[in-house]
Amino acid sequence: MLSKEDNQLLSQVGSGTPMGDFMRRFWVPAMRIEALDPGGNPVKLRLLGHDMVAFRAHDGRIGVLDEGCPHRGVSLTLAHNSDCALTCIFHGWKIDVDGNVVDVPAEPPERRAAFQGRIKAKHYPSVEKAGVVWVWLGGGVPAPLPNFPWMNLPPENVGSRIGIIHASWLNGLEGQLDSAHVGILHQDWVKVLPGQVADLERAAFDLSPRFEFEEKPCGYREAAVRNSQEGGLYVRIREFVAPWYSFIPSMGGLDSGHLCTMSIPMDDEHSIQWDLFYNPVSPLVRRNSPDDGRDQNDLAAGMGDVTNRWGQSRERMRSNASFSGYPILRHEDYAVAMAQGVWADRTKEQLSSSDIPIVRGRRFLVNAARDQAVGDKVAASMGTELGQVRAFSDLIAKNTDWRTLPLYGPEHYAGFKEAAE
Ligand code: FES
Ligand SMILES: [Fe+2]
């Protein structure tokens, strides 16, 4: 259970709110790089309650600007993208990728240069890494980017997909911190995914895992420790990294066991759900997910809303063709996040022991948002403390401490080689 005040504190992301200000200390994963073509259409971008426009110039550079034209506010999503600048269709003001106003055709020629020089469009630093366009909304000197192991991999080793949902970022994040739903909500999929059957059997052998935690500068590592039928322990190790990252062991049927999810707030009521999958040693066999054919820039498109239960098929449930009634795994996650209510009412929930990781995550975030010194410390650690972050599951001997397991030992690569063959 969470107090009304804390629920609000965690859910509000606008500038001037504690969580919004905390989040502005981090680079925001904004869009897949595929969403921006050189010279292509400018794309609307809404993050942390702020409306922007992003475009890729013909020379490949990316510009991220306030959505409204600095003249009289027409949306620059309507603008032309040419000559490495956006040209507003109302009066032709031209703004380059750095926010400089480089032409104001309606101003008399003798005053034009001086006038242009006085005006600057609000522009946001951006960087491309791991197939993601990252945007800095924090003002001042940008903080370091997170040094995740996947940040510097070649593009062919990293893939991603996103879904835009009508639910708070917190609903999405908590779904990712919650391992108990996997064998229930996603039961149709985990049964058929390669490598999942053994994991499922092991998880089913001991239904009440012990949760153990290791505090980290930017979040925590969590292990669900179970007795295994083989005699030792079966551990599933996950990691939460503030403010919106969760690393989950072998999920989603992708050809990589490495998955990072992110729940990015567009505003208080909408969020972008990311799956980023990567292979640290070789190119991904398939960069697209099993949901091929759907728009990887919005997997949730067309789901609908409460009036059609977000696309749930009762017929498929009745005929036992599907447990949840949803056509793909991620629609199940999106549907339950939206069906909790845009802001889940956390004052009424009855938490069980499988919710302990969620409680830990909330506590971490409340502290970091309330106490500026704590928030600063988390943000400052992002550039140096995340090089070993990953999730995995393993069988270990009874007397082994999972905290001592190698995170990037050769044994963890065996599966990737198989997948590549
Ligand atoms: S509103 Fe854009 S040029 Fe006038
Ligand atoms: Fe899920």
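A residue is called buried when its relative accessible area is under 20%, exposed when that value is over 50%, and partly exposed in between. By this rule Asp 6, at 16% relative accessibility, counts as buried. The structure described here is a predicted model, and the terms just given recur throughout the account.

Asp 6 offers a convenient point of entry. Its side chain meets that of Arg 370 in a salt bridge, with 2.5 Å from N to O. Arg 370 lies in helix H10, which covers residues 356-370, and Asp 6 lies in helix H1, which covers residues 4-11, so the contact ties together parts of the chain that are 364 residues apart in sequence. The two partners differ in their surroundings: Asp 6 is buried, whereas Arg 370 has a relative accessible area of 53% and is therefore exposed.

Helix H10 deserves a closer look. This helix has 15 residues and reaches 21 Å from its first C-alpha to its last, close to the 21 Å expected at 1.5 Å a residue. Its buried residues include Pro 357, Ile 358 and Gly 361 towards one part of the list, and also Phe 364, Leu 365, Val 366, Ala 368 and Ala 369. A charged residue, Arg 362, is likewise among the buried residues of H10.

A further salt bridge involves this helix. Arg 360 pairs with Glu 215, and the closest N and O atoms are 2.5 Å apart. Here too the contact links distant parts of the chain, since Arg 360 belongs to helix H10 and Glu 215 to strand E12 (residues 210-216), 145 residues apart. Arg 360 is partly exposed, with a relative accessible area of 22%, while Glu 215 is exposed at 54%.

Side chains of opposite charge can pair when their charged atoms come close. In this model the count comes to 25 salt bridges. One of them joins Arg 210 to Glu 212, with the closest N and O atoms 3.0 Å apart; Arg 210 counts as partly exposed, at 45% relative accessibility. Elsewhere, Lys 44, Arg 46, Asp 51, Glu 67 and Asp 267 are linked in a network of salt bridges.

Asp 268 is found in the loop between strand E16 (258-265) and strand E17 (271-278). At 25% relative accessibility, this residue counts as partly exposed. Asp 268 and Ser 168 are 100 residues apart in sequence, yet their C-alpha atoms are 5.8 Å apart in space.

The iron ion (ligand 2) comes next. Its protein donors are the NE2 atoms of His 181 and His 186 together with two OD donors of Asp 333, lying 2.0 to 2.8 Å from the ion. Along the chain these donors follow the spacing H-x4-H-x146-D. The site thereby links distant parts of the chain: His 181 stands in the loop between helix H4 (169-177) and helix H5 (182-185), and Asp 333 stands in helix H9 (residues 329-339), 152 residues apart. Both His 181 and Asp 333 are buried. The angles among the 4 donor atoms run from 51 to 156°, and the site is irregular. Four donors would count as tetrahedral if all angles lay between 85 and 135 degrees, so the range of 51 to 156° does not meet that condition.

The last region is a sheet. It is an open sheet of 3 strands in the order E1-E10-E9, and the pairing is antiparallel. Strand E1 (28-32) and strand E9 (126-129) stand at the edges with a single partner strand each, so one side of each has no neighbour in the sheet. Neighbouring strands are turned by 35° against each other on average, direction ignored.

Strand E10 (residues 132-135) is joined to E1 by 4 bridges. Across this pairing, Arg 32 stands opposite Val 132, Met 31 stands opposite Val 133, and Val 28 has Val 135 as its bridge partner. On the E9 side, 4 bridges also join E9 to E10, and Glu 128 stands opposite Val 133. E9 and E10 form a hairpin with 2 residues between them, and Ala 130 in the turn has a positive phi of about 55°.

Both faces of E10 are covered, as Val 132 and Trp 134 on one side and Val 133 and Val 135 on the other are all buried. In E1, 5 of the 5 residues are buried, so this edge strand is largely enclosed by the rest of the structure.

Technical notes: Residues numbered from 1 in each chain as written. Chains lettered and ligands numbered in written order. Predicted model: local features only at pLDDT ≥ 70, side-chain atom pairs only at ≥ 80, totals over all residues. Heavy atoms only, no water. Donors = N, O, S within 2.8 Å, 3.2 Å for Na, K, Ca; no water. Tetrahedral: all angles 85-135°; square planar, octahedral: opposite > 155°, others 65-115°. Buried < 20%, exposed > 50% of the residue type's maximum accessible area, 1.4 Å probe, protein only. Salt bridge = Lys/Arg side-chain N within 4 Å of Asp/Glu carboxyl O. Expected span 1.5 Å × (residues − 1). Pairing = 2+ DSSP bridges. Axes fitted to C-alpha atoms, helices over the stretch in contact; angles between N-to-C directions.
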